[in-house]
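The following paragraphs offer a guided reading of a protein chain, moving from single residues to helix pairs. Please keep the sequence and the structure at hand while reading.

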Amino acid sequence: MIPNNIKKREDLKLTDLYKEKYGFNEKGIELRLCDGGEKGMGIFSNRKFNKGEKIMKIEPYVWSVARHGIVCDECLKNKLDLGEGKALKRCSNCKLVYYCSTDCQTKAWKIHKHECKILSTIPSTTDKKNINTKSTTMLLRLFIKRNLELTNNNNNNNNNNNNNNNNNNNNNNNNNNNNNNNNNNNNNNNNNNNNNNNKNNDITGQYEIIDSLLNHKYIRSNNNEYKSFSSGFCSLLGEDPQLKAPIVLDYLLKLEPNCITIPRCEASSIGLYPLMLFFNHSCKPNISIINNRKELLVITNKNIEKDEELFINYSPAICYRNERLDNLKQCFFFDCKCTLCLGEEKIKSKDLYIACNINNCGGRINQETVYNDSNNSNSNSSNEEILKCYKCLKIYKDQEKEEILKKKLIINNLQNKLSINTENINQININQEFKSLLQLYCKEIHSTDPLFYEIVNRTQLFYLGDNKNKFISDNELSTLYHPRYQTMIKYHLLQVQNLEYEYCRQMLDYVNTLATTRYFKDALDILTDLMSNHLSQIDFYGFNRDELLSLHYNLQYEYKNNSLKSCKIIK
């Protein structure tokens with residue numbers, strides 16, 4: 001099952017694969033060398049695109065569910081969406097994967113019947129639990145699908161050769177009077193058939209693209225964990241680790257940074273989308289990825305000119321700059337040089353989010369490097385670290401600067417509180433001390449600070465007002481925390497990264513939170529704005545317009561008829 005070798009990247013004509021086999025040119029895009037090849041390859045537009053225009057839909061080549069029993073292994077439908085009295089059904093043989101219906105089990109059987117035999121040979125439940133990793137199932141399915149496609153391709157080639165021989169024999173039996181005409185016609189037909197057959201036969205699968213990926217061995221191959229896994233995987237398949245473990249290791253190192261975590265899938269599912277692999281990264285991308293379970297849609301989030309490179313965002317959308325850069329370096333092995341990062345590097349931004357409270361300015365203070373000698377910007381003696389408010393342009397120096405920098409301790413203290421237990425929200429100690437620190441944070445730290453995103457999610461902040469002790473009051477929620485959250489989301493997703501779809505998704509989740517906590521008027525105002533000014537920009541794609549209209553009607557009804565007073569959110 002494991003290949004004997006891997007096709008070298010230089011032996012593959014990748015631009016032809018994307019153009020001829022996968023129809024990229026028909027979609028208005030093509031694979032090209034970036035900057036003469038110095039920066040590898042990327043996807044470029046070969047026509048103009050309007051904002052919100054759909055480029056293509058993509059299904060994964062293979063995918064894997066990390067936590068079985070939560071979603072259907074085939075369609076990724078959540079067990080909670082099956083309806084009352086219905087449940088996911090487990091494979092009776094391997095006792096590992098689950099399906100929501102007979103149809104899904106039938107669709108998956110072509111691949112699963114091969115992996116099922118392997119997984120069912122693991123004797124104990126404990127061993128099965130240990131082997132049930134995303135990497136194991138991804139590799140299994142990759143090798144199975146690869147072998148099936150190669151076998152099918154060889155069979156098609158043999159059949160086509162036999163058909164061509166039969167056609168040639170039949171042509172020779174034609175009447176002499178019609179020989180010339182018939183031979184010409186038959187030759188043309190045979191040529192057309194051969195061209196069509198060859199075109200179809202060449203589509204042996206997207207594993208060719210996977211083979212061409214870089215494995216970054218120079219960074220990770222010395223890690224014993226990877227080597228141990230590769231040897232164990234060979235033993236599981238009954239193949240010689242000495243011969244095949246290096247090949248498994250190569251594929252493993254290729255898969256890890258190139259698999260996409262399927263968004264909004266509760267089972268931590270991942271997919272390998274070969275046709276997405278040459279979309280390069282930018283922290284301010286011009287295309288977005290929308291998912292409908294495992295199907296991805298590539299959509300533009302701005303107007304794109306002809307010959308412009310298309311970028312997606314590999315990193316978390318809301319985080320500090322240093323976290324973003326560290327994530328890209330650790331997970332994808334490159335230093336980001338996108339326009340956003342180069343702009344931040346130019347001013348030597350220190351990723352500071354301190355609020356300027358001089359005369360109620362409310363602007364953001366950031367730390368920058370000023371070059372006093374423009375002719376000698378590399379000389380440390382000519383550089384000066386300053387604190388500057390982006391709004392009132394006040395520059396903080398000396399003692400004022402020291403006092404401002406001390407406020408970073410507020411962020412550090414809150415981060416320490418949140419890191420007490422990263423798995424269990426309930427073990428975060430929500431008490432008066434935490435509340436006082438949170439109030440000080442909102443006073444001294446600018447509203448765009450990304451830590452607030454983590455605070456809201458890790459503490460379930462917007463639900464704390466429902467506690468018996470009313471830890472957070474309605475007034476505090478409406479005048480302090482809700483407006484801060486909206487400002488922070490809008491800044492990072494719209495102003496910085498231009499991610500309109502992601503902004504709509506995040507804000508719709510927020511609307512549901514507001515409705516759940518009975519802030520009906522505020523939820524209604526936000527939903528109205530989303531539908532009028534943002535979702536219409538992407539033609540509601542990925543969102544059910546009828547469901548949103550129904551939600552809008554229900555919020556109007558609740559607001560007008562609910563006896564509880566809804567607190568107005570200050571925007």
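A convenient place to begin is Y98, which, apart from neighbours within four places in sequence, is in contact with H68, G69, V71, C72, D73, L88, K89 and R90. Y98 belongs to strand 6, residues 98–99. In sequence, Y98 and V65 are 33 residues apart, while their C-alpha atoms are 9.9 Å apart in space. These values, like those that follow, are computed from a predicted model.

The chain as a whole gives the setting for such contacts. It contains 19 helices and 16 strands, and 46% of its 571 residues count as buried. Among contacts between residues at least 6 apart in sequence, 65% join residues at least 24 apart. The accessible surface amounts to about 30200 Å², and carbon and sulfur atoms account for 43% of that area.

A second strand residue is S45, located in strand 2, which covers residues 41–45. S45 counts as buried because its relative accessibility is 0%, below the 20% cut-off for that class. Which residues does S45 touch, not counting those up to four places away in sequence? They are G28, I29, R32, I304, E305, K306, D307, E308 and L310.

K117 is placed in helix 2, residues 102–119. With a relative accessible area of 58%, K117 is exposed, since the cut-off for that class is over 50%. The C-alpha atom of K117 is separated by 8.2 Å from that of N93, a residue 24 places away along the chain.

The next region concerns helix 8 and helix 9. Helix 8 (residues 224–236) packs with helix 9 (residues 241–258) at an angle of about 120 degrees, and their axes are 8 Å apart. That angle makes helix 8 oblique to helix 9, because the oblique class takes in angles that are neither roughly perpendicular, at 65 to 115 degrees, nor roughly antiparallel, at over 145. The crossing of these two helices is right-handed. On the side of helix 8, the residues that meet helix 9 are Y226, K227, F229, S230, S231, F233, C234 and S235; their counterparts in helix 9 are P241, K244, A245, V248, L249, L252, L253 and E256. Sorted by class, this contact has ten nonpolar, three polar and three charged residues.

Helix 9 also holds D250. Is D250 buried or exposed? Its relative accessibility is 10%, so D250 counts as buried. D250 and S230 are 20 residues apart along the chain, and their C-alpha atoms are separated by 9.1 Å. S230 is one of the helix 8 residues in the contact with helix 9.

Two loop residues deserve attention for their backbone conformation. F333 is not a glycine, yet it has a positive phi of about 65 degrees. F333 lies in the loop between helix 10 (321–332) and helix 11 (339–346), and its relative accessible area of 14% makes it buried. N360, likewise not a glycine, has a positive phi of about 55 degrees. N360 is found in the loop between strand 13 (354–355) and strand 14 (364–371). In contrast to F333, which is buried, N360 is exposed, with a relative accessible area of 75%.

Two further helix pairs complete the account. Helix 14 (residues 432–444) and helix 16 (residues 474–496) pack at an angle of about 60 degrees, with 11 Å between their axes. Helix 14 is therefore oblique to helix 16. The crossing in which helix 14 passes helix 16 is left-handed. K435, L438, Q439, Y441 and C442 of helix 14 make this contact with E476, L480, Y481 and R484 of helix 16. By class, the contact has five nonpolar, one polar and three charged residues.

In the other pair, the axes of helix 17 (residues 500–516) and helix 19 (residues 545–561) come within 12 Å and cross at roughly 30 degrees. Helix 17 and helix 19 are therefore roughly parallel to each other, because angles under 35 degrees fall in that class. Their crossing is left-handed. L508, V511, N512 and A515 of helix 17 form the contact with L548, L551 and L555 of helix 19. How do the residues of this contact divide by class? Six are nonpolar and one is polar, with no charged residue.

Terms used. Residues numbered from 1 in each chain as written. Predicted model: local features only at pLDDT ≥ 70, side-chain atom pairs only at ≥ 80, totals over all residues. Heavy atoms only, no water. Axes fitted to C-alpha atoms, helices over the stretch in contact; angles between N-to-C directions. Helix = DSSP H or I, 4+ residues; strand = E, 2+ residues; numbered from the N terminus. Left-handed = near helix turned anticlockwise from the far one by under 90°. Contact = heavy atoms within 4.5 Å. Nonpolar A, V, L, I, M, F, W, Y, C, P; charged D, E, K, R; others polar. Buried < 20%, exposed > 50% of the residue type's maximum accessible area, 1.4 Å probe, protein only. Areas by Shrake-Rupley, 256 points an atom, 1.4 Å probe, with all protein chains shown as cover.
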